[in-house]
Amino acid sequence: MTIRTFIAAGAAAMAFTSGASAADCKTDVEDAFDLSGAQIEEIYACIGDKMLEGYTKGDNEIAAVYRTWAPTATRPAVAGPHGNRLLNTFANDIAAEQYLKFEEEGVVMPAGSVLAKESIKINVKKSKAVVGPLFIMTKGEAGAAPDADDWIYSAVQPNGKPMKIKQSFCHNCHEAFEGQDALGYPLEEVRVSN
């Protein structure tokens, strides 16, 4: 093996190794709740582009534009719902004004409100963060979904394909936020301020 071949092989191995570790978004915690804010920001910096790339592989119109909407938090956080995933929510123009008040009583979201919630799962066995589904809530006109307070739930898988969603499964949790028009909010410490 010539020196030039050896150097080229070494450079290729280093590029593969550093690329693999960046793509893998390694983490050494055993519980997502143990992540510090700095660790979460590092994970999001590592996985954020991969999330968007995956969600937009399909033809979901919301997946293509949600990152241009109003962010509702300064970074993802673990709230508990959605399988203890790191969650990061964006609100479209119709939803943003009301949602960003983070009110707990008397909330009525206007029809056409859409919320898109990115999710990241911590895979403890593999010690890495992986892209989860993009969860979407759309407020329909009065009567659009009477069993779900007119919210229509959907999701996009990390490969861009639609995820099968049972409306009652989602709404059975969301209805606990009765005074908030079935809305869960980001954790207080990461909420954006108006």
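This tour proceeds through the structure selection by selection, from its cysteines to its strands, its core and its largest pocket. The model is predicted.

**The disulfide**

Begin by selecting cysteine 25 and cysteine 46 and displaying their side chains. These two residues form a disulfide, with their sulfur atoms 2.0 Å apart. A search of the whole structure finds 1 disulfide. The link between cysteine 25 and cysteine 46 is left-handed, with -95° about the S-S bond. Distant parts of the chain are joined here: cysteine 25 belongs to the loop between α1 (3-24) and α2 (37-55), cysteine 46 belongs to helix α2, and the two are 21 residues apart.

With a surface displayed, the two partners may be examined in turn. Cysteine 25 has a relative accessible area of 3% and is buried. Cysteine 46, at 29%, is partly exposed.

**Two further cysteines**

Next, select cysteine 170 and cysteine 173. Why is there no bond from the sulfur of cysteine 170 to that of cysteine 173? The closest cysteine sulfur to that of cysteine 170 is in cysteine 173, at 8.0 Å, which is too far for a bond; a disulfide requires sulfur atoms within 2.5 Å. Seen from the other side, the closest cysteine sulfur to that of cysteine 173 is the one in cysteine 170. As for their surroundings, cysteine 170 counts as buried at 17% relative accessibility, whereas cysteine 173 counts as exposed at 54%.

**Strand β4 and its partners**

Now select β4 (114-123). This strand is mostly covered, with 8 of its 10 residues buried. Which strands should be added to the selection? Three pairings of β4 can be followed one after another.

- Add β3 (86-91). β3 and β4 run antiparallel and are joined by 6 bridges. Leucine 87 stands opposite serine 119 in β4.
- Add β5 (128-131). β5 and β4 are likewise antiparallel, joined by 4 bridges. Asparagine 123 has lysine 128, in β5, as its bridge partner. The two strands form a hairpin with 4 residues between them, and serine 127 in the turn has a positive phi of about 55°.
- Add β6 (134-139). β4 and β6 pair in the antiparallel sense over 4 bridges. Leucine 115 is partnered by methionine 137 in β6, and alanine 116 by isoleucine 136 in β6.

**Onward from β6 to β7**

Keep β6 selected and inspect its surroundings. Of its 6 residues, 5 are buried, so the strand is largely enclosed by the rest of the structure. Then add β7 (151-156). β6 and β7 run antiparallel, with 6 bridges joining them. To locate one of these contacts, select lysine 139, whose bridge partner is tryptophan 151 in β7.

**The largest nonpolar core**

Select Ile43, Ile47, Tyr55, Tyr66, Leu86, Ile122 and Leu134, and show their side chains. Of the 25 residues in the largest nonpolar core, these touch the most other members. The elements that give two or more residues to this core are α2, α3 (61-65), β3, β4, β5 and β6. Helix α2 provides the largest share, 5 residues.

**A stop at lysine 57**

Select lysine 57, which lies in the loop between α2 and α3. Is this residue buried or exposed? At 59% relative accessibility, lysine 57 counts as exposed. Add glutamine 157 and compare the C-alpha positions: these two residues are 100 residues apart along the chain, while their C-alpha atoms are separated by 9.8 Å.

**The largest pocket**

For the final stop, select Pro81, His82, Leu87, Lys117 and His174. The largest pocket has a volume of about 740 Å³, and of the 37 residues that line this pocket, the five selected are the closest to its centre. Leu87 has already appeared on this tour, opposite serine 119.

Which elements each supply at least two residues of the lining? They are α4 (81-84), β3, β4, β6, β7 and α6 (167-174). The most comes from α6, which gives 4 residues. Colouring the lining by residue class shows 22 nonpolar, 9 polar and 6 charged residues.

Notes: Residues are numbered from 1 along each chain as its sequence is written. This is a predicted model: local features need pLDDT of at least 70, side-chain atom pairs count only at pLDDT 80 or more; totals for chains, interfaces and linings use all residues. Side-chain values use heavy atoms; hydrogens and water are left out. Buried means under 20% relative accessible area, exposed over 50%, partly exposed in between (1.4 Å probe, protein chains only). On a 1 Å grid over the protein atoms alone, a cavity is a set of points where a 1.4 Å probe fits but cannot get out, and a pocket is an open set with protein on both sides within 12 Å along at least five of seven lines; lining residues have an atom within 4 Å of a point. Grid points are joined across faces, edges and corners, and a volume is the space filled by probe spheres set on the points. Ala, Val, Leu, Ile, Met, Phe, Trp, Tyr, Cys and Pro count as nonpolar, Asp, Glu, Lys and Arg as charged, and the others, Gly among them, as polar. Two strands pair if DSSP finds at least two bridges between them. A nonpolar core is a set of buried Ala, Val, Leu, Ile, Met, Phe, Trp, Tyr and Cys residues joined through side-chain atoms within 4.5 Å.
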